[in-house]
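Reader: Got a minute to walk me through this one? I'd like to start where the chains meet.

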Amino acid sequence: MLVTCSFQCMTTGIELFLDAEDAGAAEKALAEAERFFFQVEARFSRFRVDSELSQLNAASGKTSEVSPDLAELVGLALAAAQMSGGIFDPTIIDKLETAGYDQSIELVRARETARPAGGAQSAHGNAVSGAQPISGKNGAFGWDSPRWAAIRLDPQRRTVSLPEGVRLDLGGVGKGWAADRAAELLRPLGAGLVNAGGDLRAWGDEPCAGPAQGWLVAVDDPTRPGTDVVWLRVQERAAATSSVTGRRWSGGHHLIDPRTGRPADTDLLSVTALAPTTTGAEVAAKVALILGRDRGLAWLADRPGVEALMVGADGNYYGTRGISGVWL
Amino acid sequence: MTENTVSRRGNPAATRPAAANARRRGRPSKAALARLKVTAIVVAVAAFTGTLGGIVALNPGIKQTSSTQTSSSTSASTGGQVAAVKIVVPAEPAAPQINSAPLQLPQPSQSQLFLPRTRTRGS
């Protein structure tokens, strides 16, 4: 029996699907997975002053002992930065804030419709109206220097050392990581799918998919939300979409190009990536979107096991060589 | 008038274009020198902007022999003046084969439209 659960968390919609023989056990497991998502948000959101991440950021310039989960997340974010040559940069909070993304996206949009909002408090303690974002050029590290490369993570001792003035944003890997962990929780009970706002992990076969194996996933049209671009068959892997039309406000969108420090000027509207893990798919989609069509395709071609579908700003669709083997 | 005509016939060089005269004398014409100058400037600009490097990297028919950088030079004699342009091609890794042609996506069939599904979207 297919049991489903949906809720709002991490400022997005979360959907859980579990095809289990024991419906009672499935519902219990889904409830546990739902609690897990809220815990992740409480612990690792940069918008909560009491989150473990905000405490780590507040202690920049020092070495902090962190939980195993935060150590894992920091390790993933740094690995993603290294793998992408710094295109994925978890240290660009100041640029996000300068672009206007200094609160959760709902609050940013609410502020835009009700200006002047006046002095809302952001996680790092600055009043929004008077925020003084840390300029890389004024800090210990120039903007041109990869600040993430100066972060020290000791996985054995579970310590993280952030250079003075450097703060981490785990938004680029957090949802994917949570989806992967929730999938681990649910997998023993049967086939399932975890969808964290479009970043999803699937295992086993969807009961209603007919002869098709895996799970059917519609790729949303970035220009007409709710409309399908194409259907993908996601089998024992993950998919994630990054778009410049989603988290958008008058100042731009949330995908900062670290080369310019501004919202990415890309020839793509969205990238949907498939990868073995949701975190991997999430990172691949973001990096390809920021790089643009040609450089993004070249970068993806070097990543075995990763396929991608791109929606171009020119109205065309582009993709990796293997993407046609995934669509329905 | 007639004498002038005869004179020209008697001196064919007078009726040839300057370029032809220059070639006969084994020297480049002013027009050819100008073209060389333009070519040298275009090559220099291309090298400066990295365009040439991109072309070399993207064209599988052109091989880069050095892993660090490749350089070549061209020069044009301009009657005492020498315009020398050194082209430095920044080394780039060979571009992987990519397919950047637009894709034709399949349309879901009517029966598939009613299947339960979830969506992936940018958030």
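Reader: Which strand of chain B does E8(A) pair with, and is the sense parallel or antiparallel?

Author: Keep in mind that this is a predicted model. Look at A:Ala218, which stands opposite B:Arg119. The two strands pair over 3 bridges, in the parallel sense, and the partner of E8(A) is strand E3 (residues 118–120) of chain B.

Reader: And how do the residues on the side of chain A that touches chain B divide into nonpolar, polar and charged?

Author: The contact takes 42 residues from chain A and 21 residues from chain B. Elements supplying at least two residues each on the chain A side include strand E9 (224–234), strand E15 (268–275) and helix H8 (293–301). The split for that side of chain A is 21 nonpolar, 13 polar and 8 charged.

Reader: Now inside chain A: which helix gives the most to the side of domain 1 that touches domain 2?

Author: Here 8 residues of domain 1 of chain A are in contact with 13 residues of domain 2. The domain 1 side divides into 4 nonpolar, 3 polar and 1 charged. With 4 residues, the top contributor is helix H6 (residues 171–186) of chain A.

Reader: Why do the buried residues of H1(A) sit on the same side of the helix?

Author: The buried set in H1(A) includes A:Ala26, A:Leu30, A:Phe37 and A:Phe44, and what covers the buried residues includes H6 and helix H3 (68–83) of chain A. The face turned away from that buried side carries the exposed A:Gly24, A:Ala31, A:Glu32 and A:Arg35. The buried residues share a side because, around the axis, they cover an arc of only 150 degrees.

Terms used:
Residues numbered from 1 in each chain as written. Chains lettered and ligands numbered in written order. Predicted model: local features only at pLDDT ≥ 70, side-chain atom pairs only at ≥ 80, totals over all residues. Contact = placed C-beta atoms within 7 Å. Nonpolar A, V, L, I, M, F, W, Y, C, P; charged D, E, K, R; others polar. Pairing = 2+ DSSP bridges. Buried ≥ 20, exposed ≤ 12 C-beta atoms within 10 Å, placed from the backbone. Arc of directions from axis to C-beta.
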